[in-house]
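Reader: Could you take me through one part of this model up close, and then show me how that part sits among its surroundings? I would enjoy a connected tour rather than a list.

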Amino acid sequence: MEPDDPTFRSGTEPVVHLRGAVALLGRFPALAGVDLDVDRRRIVLLRGANGAGKTTLLRALAGLVPISSGEAVVLGVDLRIDRQSVRHRVGLLAHGTGLYDELSVADNVRFWTLAAGADLADAESAMARLGLDGRLSDVSVGRLSTGQRRRTSLACLVARRAELWLLDEPHAGLDKEGRDVVDELVRDAAAAGATIILSSHELDRAIDLADEIVTLGGGVALDDSGAGGDDHVS
Amino acid sequence: MTTETAGQFETSDSGPTSTGSRSTLILGIVTLLALGVLVLFGLILSPADENQGDAVRIMYVHVPSATLSYVGCFLTAIGSVVFLWRKSRWWDLVAYASAEVAALFTAFTLVTGMLWGRPTWGVFWVWDARLTSEAMLMLLLLGYLAVRGIAADYQVRAKRAAIVGLLLVPNVFIVRQSVQWWRTLHQTPTLSLAGAEIQGLMLFSLFTGFVAMTLVFVWMVIHRFRVAWLEEQVDAEGLDTAIAERRAEGVVS
Amino acid sequence: MSNALILAEATGTWPYVAAAWAVVFGGMGVYAFVTVVRGRRLSKKVPPEKRRWS
Amino acid sequence: MFHDAWLIARKDLKLEIRSRVALNQVVPFALLVLVLFAFALDPDRGLLEKATPGLYWIAVLFSGLLAMQRSFAVEAADGVTDALRLSGLAPAGIYLGKTLSVAVQLLVLEVLLGVGVAVLYGTSITGWLLLLATIVVATAAISTAGTLFGVVAAGLRVRETLLPLLLLPVLAPVLIGSTRAFEAALSGTPSEGWPWVGLMSVFAAVYVVAGIFGFGPLMEES
């Protein structure tokens, strides 16, 4: 994972800038006025109870959920005007795998890599990075274990060379070795200039990883965050 | 529209609350008068046709219904296009309202056509080109209304319905063309005024039919639009409270 | 059914004309009534300033 | 756009080849429909022979409907819809790609059904040029409209019932046209069939344009 520097916009403005952002799921305000600023190369941990709005926040930052009021600028794009152009610049690891069950691991990774406009070489190196080369690569995704699917989704994400990584519970379903790989990928991506926002229930592990911690509750960012934050910069 | 009526609504909860306004009330009264004139001329004053007999009287409601069903369909397509182009909810609701009213008039056209066919052809249904096209229009409109009825987010429903609505017009053209070619292979008497000596009082009755039913159409679209508008408002109502409640969740936990 | 047919033959096309007009006028009446009733029920839930026509 | 279309079509066809759902379920269904028609219409009284073009296209339409449902069921799986939106693929490209893969599957189906009709119903095939032209434009019409309405219904709880309701009335002219054109070809009067080929071409053109412009807004929300 060595993104070429030119693909990353250098600039001083934050990668994510939210002010009073409201997002509705049907009539339910899943985000009820979130304030959030994230600078480039930061690793931000979102925490909060189930239903606090973590997943919706990540999806909204990816341009998948419309922002119905407030300010929302991601990677310099105003999400209230344009949610399309930010999408291919972010990478989202969601609860769903985003994989075709009937296709093999290699076919999936290659398809999503080419779809994102990257080269096949990126797909191969991403698979190698996640231990998916060799025997596993020809197996249909439908036959994989949960952890192996997670790795495949991660491989697709790595190959995309996203500027902003949005990871929803990246540690879930992985063994210890897999979690180490995730942490390593995140650190490498940040070192290479990407920005990472992740949510996790593995707080011990995630707090070590994160530069900043944001606590969500009731669809807003709560103020008590910051504990254990900057001391842990790797 | 006047301040007088607006004040009336503000002051009392028990006062008249409806989709009516002064202008639609006047429109309604004019419409009822026109319908009365239509009954008078269509059923009483106008003579029976030499060929069709009294069945020609069905034409005075059938032909305007058929025309208005296509008008409604075009209005839906226009509303859909403007909605997609300008993101205007107003036009989206115009499309919705006119599609529903168009479906009603299509139903009138089919039923009156069948009731005309029984004494004329001896059967309720023949595969007459116009009647078949109208039946296909009904199915297309039912498809559109099915999309409107799906339980989904406003944006999802409106965008999908708009695409279906905008395709109504090319679909109607292609269906009509194909059905016409299909039926010209087997010549049958078609459901139309051809053959009737249409003049004098009969012509005036048909004209009255057009006027009265167009007024009904306009009145219905306006009121249906307002109902749809109110539904939207009820949906949007309480958003502020919902946001406040949502925030409170976070403080408690 | 057969009774209706005999009646139809006896009285010519008038039953069909009457049925057609009844369907159209009845249909318009029912639809108008339902729309007005729905409108009244909904307007009670919406503040007057959002009813732009009133 | 064409690069994206090619990518999607290749992915879909690869998926179908690997999963064999089309081969193992849709094709047997289509042949079953042919057999059921023979049971319903007495084959000895010439009814079947007369109705062959209509039965053939009804079978294509119904089994094509299954193929289209399948084509969108694949994209609805486990976060794939989001992944597609995030992929950066042009919506018009996705539309053309899916249309292409549906069209290829329909063509295979039509060839197999054609063989089935020739064998089971004893149809003697004449007017090759018109038959081929009809198959090509009818397939284009069915797949362009089917893919567009497929995405209209995609992701909804009522999608299985909504798609036929939306699609079949719209495809009625294609059914009329392809049936008449087949009749014209088989009865040795091809000149009567060509106007229908023209009508179906117009239909397909309308839907290609609508799909290219409409797919973006439709994919947007779900």
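Author: Gladly; what follows starts from one helix of chain B and works outward to the other chains. Please keep in mind throughout that this is a predicted model.

Let us begin with helix H4 of chain B, residues 89-121. H4(B) is 33 residues long, and the distance from its first C-alpha to its last is 46 Å, close to the 48 Å expected at 1.5 Å a residue. Just after the helix comes Gly122(B), with a positive phi near 90°.

Is this helix enclosed or open to the outside? Of the 33 residues of H4(B), 27 are buried, so the helix is largely enclosed by the rest of the structure.

One place to see the surroundings in detail is Ala158(B), a residue of helix H6 (residues 154-166) of chain B. Ala158(B) is buried, having 24 other C-beta atoms within 10 Å. Apart from neighbours within four places in sequence, Ala158(B) is in contact with Phe83(B) and Asp92(B). Asp92(B) falls within the span 89-121 of H4(B), while Phe83(B) falls within helix H3 (56-86). There is also Tyr96(B) to look at: Ala158(B) and Tyr96(B) are separated by 62 residues in sequence, yet their C-alpha atoms are 9.2 Å apart in space.

Now for the view across chains. Nonpolar side chains tend to be buried together in soluble globular proteins. The largest nonpolar core in this model holds 231 residues, and the members that touch the most others are Val74(A), Ala155(A), Leu166(A), Ile196(A), Ala141(D) and Val152(D). Our helix H4(B) provides the largest share of this core, with 18 residues.

H4(B) has a part in the contact with chain C as well. That contact draws 37 residues from chain B and 28 residues from chain C. On the chain B side, at least two residues each come from helix H1 (3-11), helix H3 (56-86), helix H4 (89-121) and helix H8 (200-236). H8(B) gives the most to this side, with 10 residues. By residue type, the side of chain B that touches chain C divides into 19 nonpolar, 10 polar and 8 charged.

Chain B also meets chain A, in a contact made of 14 residues from chain A and 11 residues from chain B. On the chain A side, strand S2 (28-38) and strand S10 (220-222) each supply at least two residues. S2(A) gives the most here, with 4 residues. The residues on that side of chain A comprise 8 nonpolar, 5 polar and 1 charged.

Stepping into chain A, we find 6 helices and 10 strands. Of its 234 residues, 53% count as buried. If we take the contacts in chain A between residues at least 6 apart in sequence, 71% of them join residues at least 24 apart.

Strand S3 of chain A, residues 43-47, is a good place to pause, as 5 of its 5 residues are buried. In a regular strand the side chains alternate between the two faces of the sheet. Here Ile43(A), Leu45(A) and Arg47(A) point one way from S3(A), Val44(A) and Leu46(A) point the other way, and all are buried. S3(A) pairs in the parallel sense with strand S8 (residues 195-199) over 4 bridges, and Leu46(A) stands opposite Ser199(A) of S8(A). Strand S9 (residues 212-217) also pairs with S3(A) in the parallel sense over 4 bridges, with Ile213(A) of S9(A) as the bridge partner of Leu45(A). Ile196(A), named above among the core members that touch the most others, lies within the span 195-199 of S8(A).

The core also takes us to chain D, through Ala141(D). Beyond residues up to four places away in sequence, Ala141(D) touches Val174(D), Met200(D), Phe203(D) and Ala204(D). Chain D has 8 helices and 0 strands. Its C-alpha atoms fill a box of roughly 55 × 35 × 30 Å along the principal axes. A compact globule of 222 residues would have a radius of gyration near 17 Å, and the 18 Å of chain D agrees with that. Buried residues account for 50% of the 222 residues in chain D. Among chain D contacts between residues at least 6 apart in sequence, 83% join residues at least 24 apart.

To return to where we started, H4(B) is largely enclosed, supplies 18 residues to the largest nonpolar core, and takes part in the side of chain B that touches chain C.

Methods
Residues are numbered from 1 along each chain as its sequence is written. Chains are lettered from A and ligands numbered from 1 in the order in which they are written. This is a predicted model: local features need pLDDT of at least 70, side-chain atom pairs count only at pLDDT 80 or more; totals for chains, interfaces and linings use all residues. Two residues are in contact if their C-beta atoms, placed from the backbone, lie within 7 Å. Ala, Val, Leu, Ile, Met, Phe, Trp, Tyr, Cys and Pro count as nonpolar, Asp, Glu, Lys and Arg as charged, and the others, Gly among them, as polar. A residue is buried if 20 or more other C-beta atoms lie within 10 Å of its own, exposed if 12 or fewer, and partly exposed in between; C-beta atoms are placed from the backbone. Two strands pair if DSSP finds at least two bridges between them. The expected span of a helix is 1.5 Å times one less than its number of residues. A nonpolar core is a set of buried Ala, Val, Leu, Ile, Met, Phe, Trp, Tyr and Cys residues joined through C-beta atoms within 7 Å. The radius of gyration is taken over C-alpha atoms; the globule rule is 2.2 Å times the number of residues to the power 0.38.
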